[in-house]
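User: Hello! I am new to this protein and would like to get to know it step by step. Could you walk me through it?
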Amino acid sequence: MNIISRHLFEKFFILPLAKNTLQNRFKTGDIIRGKIVRALPKQNMFVLNTKGMNLVANTRVSLFVGDKIFGKVIKNENQIELKLTEVNGQEMHQSLNIHNDGIEFGRIPLPGGVFGKEAFLEIYPDRDSGTKYQKTEEQTGCHLILNSDELQNVIVDAELFDAHLILNAWIEDEGLYRFIKSKSAEIKENLLADNIEKVNFQVMPLMVDVSFFRKKWTGEVNLDVRA
């Protein structure tokens with residue numbers, strides 16, 4: 001039985017945010033709705049949740065955690081500039097800038113019929129890519145957190161360089177851990193493809209809180225990932 005199909009694996013590995021991702025997702029004229037999930041008043045910076053991403057933004061308006069914003073994209077070149085028109089339903093006329101080098105991760109819902117109720121996938125870029133091995137043009141990596149009521153937390157660290165895939169997984173649910181552990185050889189076989197000639201796959205029980213991984217990947221101690 002194929003536990004992880006190649007099609008499902010490819011669905012998991014959505015490309016992390018690149019420099020042109022924001023330009024592609026924030027077109028000039030787009031209407032944007034979002035929520036402030038973290039405020040950094042000393043730096044006049046905020047973490048804005050919009051379009052499934054938490055992104056660093058700044059504006060002269062005083063914003064607080066929980067504030068809901070409404071605006072329109074007026075520029076999407078070096079950074080995304082919004083014309084901020086509403087905050088919590090109150091009319092506003094001010095600019096808001098979203099930075100390309102902010103906290104870059106995506107959080108997307110998953111089908112409940114496959115993953116259980118309230119299932120989400122968080123996708124983080126691999127900022128350390130190239131430090132463990134000699135960097136090549138074909139090297140890429142990402143980190144994933146899958147969370148649902150039934151599956152609890154599944155952490156995945158992946159790196160692909162040349163034709164070598166290194167995949168580490170931490171699984172919180174004991175039954176799921178034992179099941180995936182028993183299928184390790186089959187999973188490795190399924191992951192081989194035209195561009196993947198060698199697979200290192202290791203599965204381990206999850207013994208720490210997921211915040212440990214978020215801090216490691218983003219450098220943020222209290223990263224708020226709520227939609």
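User: Is Gln-152 buried, partly exposed or exposed?

Analyst: Happy to help, and please keep in mind that this is a predicted model. Gln-152 sits in strand 10. The relative accessible area of Gln-152 is 30%. Buried would need under 20% and exposed over 50%, so Gln-152 is partly exposed.

User: What is the approximate phi of Gln-152?

Analyst: Gln-152 is a residue other than glycine, and its phi has a positive value. That phi is near 60°.

User: Where is Asn-88 placed, and what is its approximate phi?

Analyst: Asn-88 belongs to the loop between strand 5 (80–87) and strand 6 (90–98). With a relative accessible area of 43%, Asn-88 is partly exposed. Asn-88 is also a residue other than glycine with a positive phi, here near 55°.

User: Let us go inside. Which residues have the most contacts inside the largest nonpolar core?

Analyst: This core has 24 residues. Several elements supply at least two residues each, among them strand 9 (140–148), strand 11 (164–171), helix 4 (174–182) and strand 12 (198–205). Apart from this core lies another of 19 residues, including Leu-22 and Val-87. Within the largest core, the residues with the most contacts are Phe-201 and Val-203.

User: Is Val-203 buried or exposed?

Analyst: Val-203 is found in strand 12. Its relative accessible area is 3%. The limit for the lowest class is under 20%, so Val-203 is buried.

User: Which residues does Val-203 touch, not counting those up to four places away in sequence?

Analyst: Some partners are far along the chain: Ile-171 is 32 residues away from Val-203, yet their C-alpha atoms are separated by 7.4 Å. Leaving aside the neighbours within four places in sequence, the residues in contact with Val-203 are Ala-169, Ile-171, Tyr-177, Ile-180, Lys-181 and Ser-184.

User: Now to the surface. What is the approximate accessible area of the nonpolar patch formed by Met-207, Val-208 and Phe-212?

Analyst: Phe-212 lies in helix 6 (residues 211–218). Phe-212 is partly exposed, at 47% relative accessible area. Together with Met-207 and Val-208, Phe-212 forms a nonpolar surface patch with an accessible area of about 340 Å².

User: How many aromatic pairs does the structure hold, and what kind do Phe-212 and Phe-213 form?

Analyst: The structure holds 3 aromatic pairs. The rings of Phe-212 and Phe-213 are 5.3 Å apart, centre to centre, with 85° between the planes. Planes over 60 degrees apart count as edge-to-face, so the pair of Phe-212 and Phe-213 is edge-to-face.

User: Why does Phe-213 count as buried?

Analyst: The partner ring, Phe-212, counts as partly exposed at 47% relative accessibility. For Phe-213 the cut-off to consider is under 20%. Phe-213 counts as buried because its relative accessibility is 3%.

User: What kind of pair do Phe-213 and Trp-217 form?

Analyst: Phe-213 and Trp-217 both lie in helix 6, 4 residues apart, about one turn of the helix. Trp-217 is buried, with a relative accessible area of 6%. The ring centres of Phe-213 and Trp-217 are 5.6 Å apart and the angle between the planes is 45°, which makes the pair tilted.

User: Which residues form the aromatic cluster?

Analyst: Phe-213 has been a partner in two pairs here, one with Phe-212 and one with Trp-217. These residues belong to one aromatic cluster, whose members are Trp-170, Phe-212, Phe-213 and Trp-217.

Notes:
Residues are numbered from 1 along each chain as its sequence is written. This is a predicted model: local features need pLDDT of at least 70, side-chain atom pairs count only at pLDDT 80 or more; totals for chains, interfaces and linings use all residues. Side-chain values use heavy atoms; hydrogens and water are left out. Patches are made of residues with over 30% relative accessible area and no salt bridge: like charges are joined within 9 Å, nonpolar side chains (Val, Leu, Ile, Met, Phe, Trp, Tyr) within 5 Å. Accessible areas come from the Shrake-Rupley method with a 1.4 Å probe; for residues, only the protein chains shown count as cover. A salt bridge is a side-chain nitrogen of Lys or Arg within 4 Å of a carboxyl oxygen of Asp or Glu. Buried means under 20% relative accessible area, exposed over 50%, partly exposed in between (1.4 Å probe, protein chains only). A nonpolar core is a set of buried Ala, Val, Leu, Ile, Met, Phe, Trp, Tyr and Cys residues joined through side-chain atoms within 4.5 Å. Contact means heavy atoms within 4.5 Å. Rings of Phe, Tyr and Trp (its six-membered ring) pair if their centres lie within 6.5 Å; planes under 30 degrees apart count as stacked, over 60 as edge-to-face and the rest as tilted.
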